[in-house]
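Me: I have a structure to go through and would like to ask about it step by step. Please keep the answers short and end each one on what I asked for.

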Amino acid sequence: MFSYKQNLLIVILWFTILLVGCSSIGTHQYPDVIYNHRQPLVSVSYEYGETDIQIPLVFPGIVPEQLSFQVYARGDSINPLITIKSNATDLVRIFLPQGVLDIEDNNNYILIKPHHPDFVSKKVMFKGIDYGKVTLDPVHIVQQPLTLAGLVSNTLTEKVLNNIDVSLFLKNDLLQKVFSNENGEYTLTISGEYKNQDFLRIIAGEKLIFSPFRRDISFEKTKELRLDIGLGPSQELADLGNLYITNKSNVHFRDKPHIGGATLFLLPEGEPIAVEQVSKGLYYGTIEILVSSGKRVKMSGWLERQFTDLLFFDNIFKDEKVYEQTL
């Protein structure tokens, strides 16, 4: 038989267990899953989210055969998350694991590299998501732009000229028109799709009293051209005689003074002429012809006096109210 003290101790022990609860009793820790080998078996799988990046592509001109895509995240520009190659399609999809993109800032980008020498790489910035689908704005894959730049100056004094119109044409279609800045500089930039065109022409100084500067150009061997534009007569021409200028278009420039003389050229309006001899109703003088090499070739001939005016340099612009620049 238990004594009174033993019975009291047992009561206190049971009361403590009921008050504190089973949570106070330590349990075994099992690092691995325990199977009871009963049917049916129950399995648990873990699924990770996936980021689907969709890139619509637009090809306005030449289509490169292949493109490479490199995805960079969180400001890292050295180690791409993934690099893939793809044929030229309207839509490219790139799949990434969950959680690799910066979802707070616009700090991820895709570097698109066309496999073609006439194209340049394109960098597309975007803000990521943890997982799901990201559809970017359409990306235009175009050829590297073509650039034509140079300096506009007065051929006679070599002084730079500002506010001179410089235009680039494909046959008779105007592609772009700019004006020289205060330093006489101009820059024309057109799409790379015109790289192999055969009928590109630059025309400058259409608002001047002189006939415009005209020159055929080609980007076949380069994407950047330099062309300095000289307007007006040269000092060499001025040294030959008094300078006149034609006052109408299609003025006959003949090799002989009589009617039977052969027409060498039909001169445009504004063509400078250094007059060396004067005959009855005629002038004998020299003109300059700008050839494809950029050199000025001189030719002499006869033309009617009534189709010429003495050349004054007070103002080289046709509209004196708009422009006030002197040569």
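Me: Which residue of β14 is the bridge partner of Ile203?
Reply: The model is a predicted one. Strand β13 covers residues 200-204, and five bridges join it to β14 in an antiparallel run. Ile203 has its bridge partner in β14, and that partner is Arg214.

Me: Which strands stand at the edges of the open sheet with the order β11-β10-β13-β14?
Reply: This open sheet has four strands in the order β11-β10-β13-β14, and the pairing is antiparallel. Two of the strands have a single partner strand each, so one side of each is left without a neighbour in the sheet. These edge strands are β11 (173-179) and β14 (213-217).

Me: By what angle are neighbouring strands of the sheet β11-β10-β13-β14 turned against each other on average?
Reply: The sheet in question is the open one of four strands, β11-β10-β13-β14. With direction ignored, the average turn between its neighbouring strands is 20°.
In general, strands of a sheet pair through backbone hydrogen bonds, either parallel or antiparallel. For this sheet the pairing is antiparallel, and the average turn asked for is 20°.

Me: Is Lys171 buried or exposed?
Reply: Lys171 is placed in the loop between β10 (165-170) and β11. Its phi is positive, about 55°, although Lys171 is not a glycine. The relative accessible area of Lys171 is 56%, and the cut-off for exposed is over 50%. Lys171 therefore counts as exposed.

Me: Where is Asn250?
Reply: Asn250 is a residue other than glycine with a positive phi, near 60°. Its place is in the loop between β17 and β18 (251-254).

Me: Which strands stand at the edges of the open sheet β3-β2-β5-β6?
Reply: Four strands form this open sheet, with antiparallel pairing. An edge strand here has a single partner strand, so one of its sides is left without a neighbour in the sheet. Neighbouring strands of the sheet are turned by 20° against each other on average, direction ignored. The strands at the edges are β3 (82-87) and β6 (122-126).

Me: Which residue of β3 stands opposite Gln70?
Reply: Six bridges join β2 to β3, and the two strands run antiparallel. Opposite Gln70, in β3, stands Thr83.

Me: Why does the pair of Tyr72 and Tyr109 tie together parts that are apart in sequence, and how many residues apart are they?
Reply: Tyr72 and Tyr109 form a stacked aromatic pair, 4.8 Å centre to centre with 15° between the planes. Tyr72 lies in strand β2 (residues 66-72), while Tyr109 lies in strand β5 (residues 108-114). Both residues are buried. Because the rings belong to these two strands, the parts tied together are apart in sequence by 37 residues.

Me: The charged end of which residue sits over the ring of Tyr109?
Reply: Tyr109 is buried, as is Tyr72. The distance from the charged end to the centre of the ring of Tyr109 is 4.4 Å, and the residue is Lys123.

Me: Is the aromatic pair of Tyr244 and Tyr283 stacked, edge-to-face or tilted?
Reply: A pair of aromatic rings is described by the distance of the centres and the angle of the planes. For Tyr244 and Tyr283 the centres are 4.9 Å apart and the planes make 45°. Stacked needs planes under 30 degrees apart and edge-to-face needs over 60. The pair of Tyr244 and Tyr283 is therefore tilted.

Me: How many of the five residues of β17 are buried?
Reply: Tyr244 lies in strand β17 (residues 242-246). Tyr244 is buried, and Tyr283 is buried too. β17 is largely enclosed by the rest of the structure, because the number of its five residues that are buried is four.

Me: Which residue of β23 stands opposite Tyr244?
Reply: β17 pairs with strand β20 (residues 272-279) in the antiparallel sense over four bridges, and there Ile245 stands opposite Pro272. β17 also pairs with strand β23 (residues 308-310), in the antiparallel sense over three bridges. In β23, the residue opposite Tyr244 is Leu310.

Me: Is Asn154 buried or exposed?
Reply: Asn154 is placed in strand β9 (residues 146-154). A polar atom of its side chain lies 2.9 Å from the backbone nitrogen of Leu156. The relative accessibility of Asn154 is 1%, and buried means under 20%, so Asn154 counts as buried.

Note on methods: Residues numbered from 1 in each chain as written. Predicted model: local features only at pLDDT ≥ 70, side-chain atom pairs only at ≥ 80, totals over all residues. Heavy atoms only, no water. Buried < 20%, exposed > 50% of the residue type's maximum accessible area, 1.4 Å probe, protein only. Polar contact = N/O pair within 3.5 Å; in protein donor to acceptor, adjacent residues only side chain to side chain. Pairing = 2+ DSSP bridges. Axes fitted to C-alpha atoms, helices over the stretch in contact; angles between N-to-C directions. Phe/Tyr/Trp six-rings, centres within 6.5 Å; stacked < 30°, edge-to-face > 60°. Lys NZ or Arg CZ within 6 Å of the ring centre and 35° of its normal.
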